[in-house]
Amino acid sequence: MFNTVWFPLFLVAAGAVVALAAALARGSASSPSTLSAPSGTCDYQEEYTSPDFGDTAGFAITSYPSNDILIPGRFWLINGRTAEIEYNIVPNNFARLRVAEDGNLDIPDAFTDNEHESATTYPVGDIEVTQSQSPGRRSMLQWRKGEFEYVLLSEEPEMNVLGGVSTDFVTQTEANKTS
C-alpha cells in the first residue's frame with residue numbers, strides 16, 4: 001500500500017517540475033520583453049537580445065567591452081530612446097552602460113539628485129571623461145563621442161572600479177545611427 005500511494009504522487013510532482021521548467025524556459029526566450037516601472041514614474045524598459053535598437057530608437061551599439069573582467073549581460077531600451085547594457089565586473093561589481101543620441105540620455109535621478117563628493121574630468125585619448133561620485137557611493141562616468149552621449153553607472157563601486165575600467169568603456173564603446 002505504501003508504494004501504491006507514493007509512486008503516483010512522485011509522478012505528479014515530477015510532471016509539475018518539468019512543466020514549470022518548460023514554462024520558465026519559454027518565457028525567458030522571448031524578445032523583446034517589457035517591464036514597466038512602478039506607478040508614478042515615467043521609466044519604461046524593453047529587453048532585447050542584442051544592442052540593436054534601430055527599429056525603435058534609430059541606433060545600435062555596434063561595439064562594447066566584453067572580456068573576462070567586463071561581462072555584458074542584459075540589453076535594454078529605456079523610454080524608447082536610451083540603450084542600456086548591464087555589466088558584471090569581476091570579481092563582484094555591477095555597472096550599467098547607457099547610450100543615447102545627444103539630448104536623449106536618461107540618467108536615473110539617484111545619480112543626479114545629490115551633490116557629488118568628487119568630480120574629476122580627464123582625457124581618454126581625445127575624449128573628455130567626467131567621473132563623479134556621490135556621498136551614497138554612487139559613481140558615474142560621462143562622455144560624448146560623435147552624436148552620442150554615454151554614461152557608466154555603478155551603485156556601489158569598490159576601489160574606484162569605474163576609473164579602472166574607464167579606458168575600456170570609452171575606447172571600445174561605439175554607437176551608430178541605423179536609419
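A salt bridge is taken here as a side-chain nitrogen of Lys or Arg within 4 Å of a carboxyl oxygen of Asp or Glu. By that criterion the side chains of E174 and K145 form one, with 2.9 Å from N to O. The partners belong to strands β11 and β9, respectively, so this bridge ties together parts that are 29 residues apart in sequence. The structure is a predicted model, in which local features need pLDDT of at least 70 and side-chain atom pairs count only at pLDDT 80 or more, while totals for chains, interfaces and linings use all residues. Residues are numbered from 1 along each chain as its sequence is written, and side-chain values use heavy atoms, with hydrogens and water left out.

To set the scene, the chain contains three helices and eleven strands (helices, H or I of at least four residues, and strands, E of at least two, are DSSP runs numbered from the N terminus). Along the sequence their order is α-β-β-β-β-β-β-α-β-β-β-β-α-β. Of the 179 residues, 36% count as buried, where buried means under 20% relative accessible area, exposed over 50%, and partly exposed in between (1.4 Å probe, protein chains only). The accessible surface of the chain is about 10400 Å², and 54% of this belongs to carbon and sulfur atoms; such areas come from the Shrake-Rupley method with a 1.4 Å probe, and for residues only the protein chains shown count as cover. With contact defined as heavy atoms within 4.5 Å, 47% of the contacts between residues at least 6 apart in sequence join residues at least 24 apart.

What, then, lies in the interior? In soluble globular proteins, nonpolar side chains tend to be buried together. A nonpolar core is a set of buried Ala, Val, Leu, Ile, Met, Phe, Trp, Tyr and Cys residues joined through side-chain atoms within 4.5 Å. The largest such core has 29 residues, and F53, L97, V99, W143, L152 and F169 touch the most other members. At least two residues of this core come from each of β3, β4, β5, β6, β8, β9, β10 and α3, and α3 (161-172) gives the largest share, five residues. The surroundings of L152 can be listed in detail: beyond its neighbours within four places in sequence, L152 is in contact with A95, R96, L97, S139, M140, L141, W143, L162, V165 and F169. Another core, of six residues, lies apart from the largest one and includes A100, F111, M140 and L153.

Strand β9 (139-145) deserves a closer look. Five of its seven residues are buried, so β9 is largely enclosed by the rest of the structure. β9 pairs with β8 in the antiparallel sense over four bridges (two strands pair if DSSP finds at least two bridges between them), and Q131 has L141 in β9 as its bridge partner. β9 and β10 also run antiparallel, joined by seven bridges, with K145 opposite F148 in β10. The hairpin of these two strands has two residues between them, and G146 there takes a positive phi near 60 degrees.

Charged pairs complete the picture, with eleven salt bridges in the structure. In the pair from the opening, K145 is buried at 11% relative accessibility, whereas E174 is partly exposed at 31%. E47 and R74 form another salt bridge, their closest N and O atoms being 3.0 Å apart. E47 lies in β2 (residues 44-48) and R74 in β4, so parts 27 residues apart in sequence are tied together. E47 is buried, with a relative accessible area of 18%, while R74 is partly exposed at 38%. E101 and K177 also meet through their side chains, at 3.3 Å from N to O. This salt bridge links β6 to β11 (residues 174-177), so it ties together parts that are 76 residues apart in sequence. E101 is buried, at 19%, and K177 is partly exposed, at 43%. A network of salt bridges links E84, R96, R98, R138 and E155.

On the outside, I69, I71 and V90 form a nonpolar surface patch with about 230 Å² of accessible area together. Patches are made of residues with over 30% relative accessible area and no salt bridge, with like charges joined within 9 Å and nonpolar side chains (Val, Leu, Ile, Met, Phe, Trp, Tyr) within 5 Å. I69 sits in the loop between β3 (59-63) and β4 (70-78), and at 45% relative accessibility I69 is partly exposed.
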